[in-house]
Amino acid sequence: MGERPENRVDRIVGGLLRGRRLKLRGGDAEEKEAIVMAARLAAARQGPQRMSPAFRQRLVKQLGASPQETWMTRRAALVAGLGVVAGAVGGGLLGRSLDGGGSQPSATAGKVVQPTNGRWIDVGALADFAPGQARMVRAGAVGAFVTRDGDSVSAVSSICSDLPCELWWDASQDALVCPCHNRTFTAQGSSNGMYKLRSLDVVQARVREGRVEVLGA
Amino acid sequence: MTSEARPPDPVPEAAAEGQVVELPAGSRVTDVAIDELEMIYAFIYSRVGNRADAEDLTQQVAMKAIPRLRQGAPASAVRGYLFATARSVLGGFWSTRLGLSESELHEDLAMAMPQGGYSEESVERVRRILEQLSDNYRRVLELRFLHGYSLKEVAVEMRSTVGAVKVMQLRALRAAAKVRLDG
């Protein structure tokens with residue numbers, strides 16, 4: 001009885017920060033705006049969320065959907081036949097961090113795409129690639145955005161690192177945009193925005209006698 | 001006391017009118033809906049801030065909305081319908097937990113549908129809200145929520161006391177809730 005408002009709200013905040021359910025008591029409604037805001041802030045800390053595989057499976061089972069139709073399997077299908085090797089940094093599926101604060105961990109790096117039985121595929125003349133502009137190419141089964149920097153090139157996967165959607169290059173933003181959730185990446189594959197996603201996978205590319213080649217399959 | 005009187009079962013406007021949303025031909029209703037539910041989950045999570053509640057509410061949305069979906073119409077209509085259901089379910093959630101009638105909840109308190117419907121919008125919105133606050137309020141919320149500091153750690157960081165930080169946290173949350181953003 002007579003719980004002070006700051007204690008009341010801190011009790012709720014403490015639960016939220018521990019990932020617990022919202023448990024509210026009588027009288028908490030007096031601070032409804034603060035509580036709702038606390039929930040939103042707690043959510044923002046985690047960044048955009050996705051269903052856990054277990055929960056998704058549960059839903060699929062309850063609804064009688066086709067179990068194979070999942071984001072992950074579709075994503076897997078997009079990189080079918082490719083061996084994706086962890087690059088410089090490992091880490092979780094969705095390495096997110098805040099930027100701008102200085103003390104936050106950095107986002108996880110992308111992986112290097114290593115196609116099984118990969119081969120270098122010519123994707124065009126270097127002269128056709130405008131400096132600093134990512135251009136979509138296909139090297140067999142591998143889709144990539146190639147960016148020219150002087151006489152060299154770099155390339156990243158054309159598939160978003162978060163959702164299995166094909167990116168597009170928005171020259172007005174100088175960014176690769178994921179149409180599925182409006183996340184953007186630099187031409188080099190780093191995630192933009194407040195919350196970092198894993199960087200785009202790196203696709204191997206090189207210049208040979210004035211021609212751009214991408215390691216495809 | 002918490003809410004003894006449960007709010008009426010929330011029904012989205014479309015459902016209330018007996019409307020049936022159709023799905024693209026050739027897709028299994030549940031398969032399409034499951035994919036769309038990823039976004040619904042992210043939306044709900046961004047409003048309730050914890051996984052357990054987000055899962056329960058997403059499940060409620062699925063159970064209410066999916067039986068009403070049918071083959072044939074644009075996916076955007078399906079998404080809109082699911083979001084309408086999600087808003088309704090969220091309204092029920094908050095009114096139950098806070099013991100308030102849904103009419104007492106502000107439209108933008110917890111239920112406003114994000115433009116485009118993505119949780120990303122929520123993250124961006126939080127960032128913009130924090131920008132509107134005074135330095136002290138912004139700092140206490142950033143340390144506590146975004147960096148996960150304990151009250152004691154915040155107090156050390158801000159050269160204050162735990163009691164003062166607790167009060168500041170409450171005032172900062174109230175101030176953040178009052179911020180109105182354009183668009």
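A residue is called buried if 20 or more other C-beta atoms lie within 10 Å of its own, exposed if 12 or fewer do, and partly exposed in between, with C-beta atoms placed from the backbone. The model is predicted, so that local features need pLDDT of at least 70 and side-chain atom pairs count only at pLDDT 80 or more, while totals for chains, interfaces and linings use all residues. Residues are numbered from 1 along each chain as its sequence is written, and chains are lettered from A and ligands numbered from 1 in the order in which they are written.

**Exercise 1.** Determine whether B:Val165 is buried or exposed, and find what it touches.

*Solution.* Begin with the place of B:Val165, which is in helix H9 of chain B, residues 162-178; helices (H or I, at least four residues) and strands (E, at least two) are DSSP runs, numbered from the N terminus. Next, take the count: B:Val165 has 26 other C-beta atoms within 10 Å and is therefore buried. Then turn to contacts, meaning pairs of residues whose C-beta atoms, placed from the backbone, lie within 7 Å. Leaving aside residues up to four places away in sequence, B:Val165 touches B:Val140, B:Leu151, B:Val154, B:Ala155, B:Met158 and B:Ser160. Of these, B:Val140 stands 25 residues apart from B:Val165 along the chain, with 7.5 Å between their C-alpha atoms.

**Exercise 2.** Classify the packing of H2(A) against H7(B), and describe the residues of the contact.

*Solution.* Helix H2 of chain A (residues 32-46) and helix H7 of chain B (residues 135-146) pack at an angle of about 60 degrees, their axes being 9 Å apart. Axes here are lines fitted to C-alpha atoms, for helices over the stretch in contact, and angles run from 0 to 180 degrees between N-to-C directions. Angles under 35 degrees count as roughly parallel, over 145 as roughly antiparallel, 65 to 115 as roughly perpendicular and the rest as oblique, and H2(A) and H7(B) are therefore oblique to each other. On the side of H2(A), the contact is made by A:Leu41, A:Ala42, A:Ala44 and A:Arg45, and on the side of H7(B) by B:Leu141, B:Phe145 and B:Leu146. These residues divide into six nonpolar, no polar and one charged, where Ala, Val, Leu, Ile, Met, Phe, Trp, Tyr, Cys and Pro count as nonpolar, Asp, Glu, Lys and Arg as charged, and the others, Gly among them, as polar.

**Exercise 3.** State which residues of H7(B) are buried, and what share of chain B is buried.

*Solution.* The buried residues of H7(B) are B:Val140, B:Leu141, B:Glu142, B:Leu143, B:Arg144, B:Phe145 and B:Leu146. Over the 183 residues in chain B, the buried ones make up 45%.

Notes
Two residues are in contact if their C-beta atoms, placed from the backbone, lie within 7 Å.
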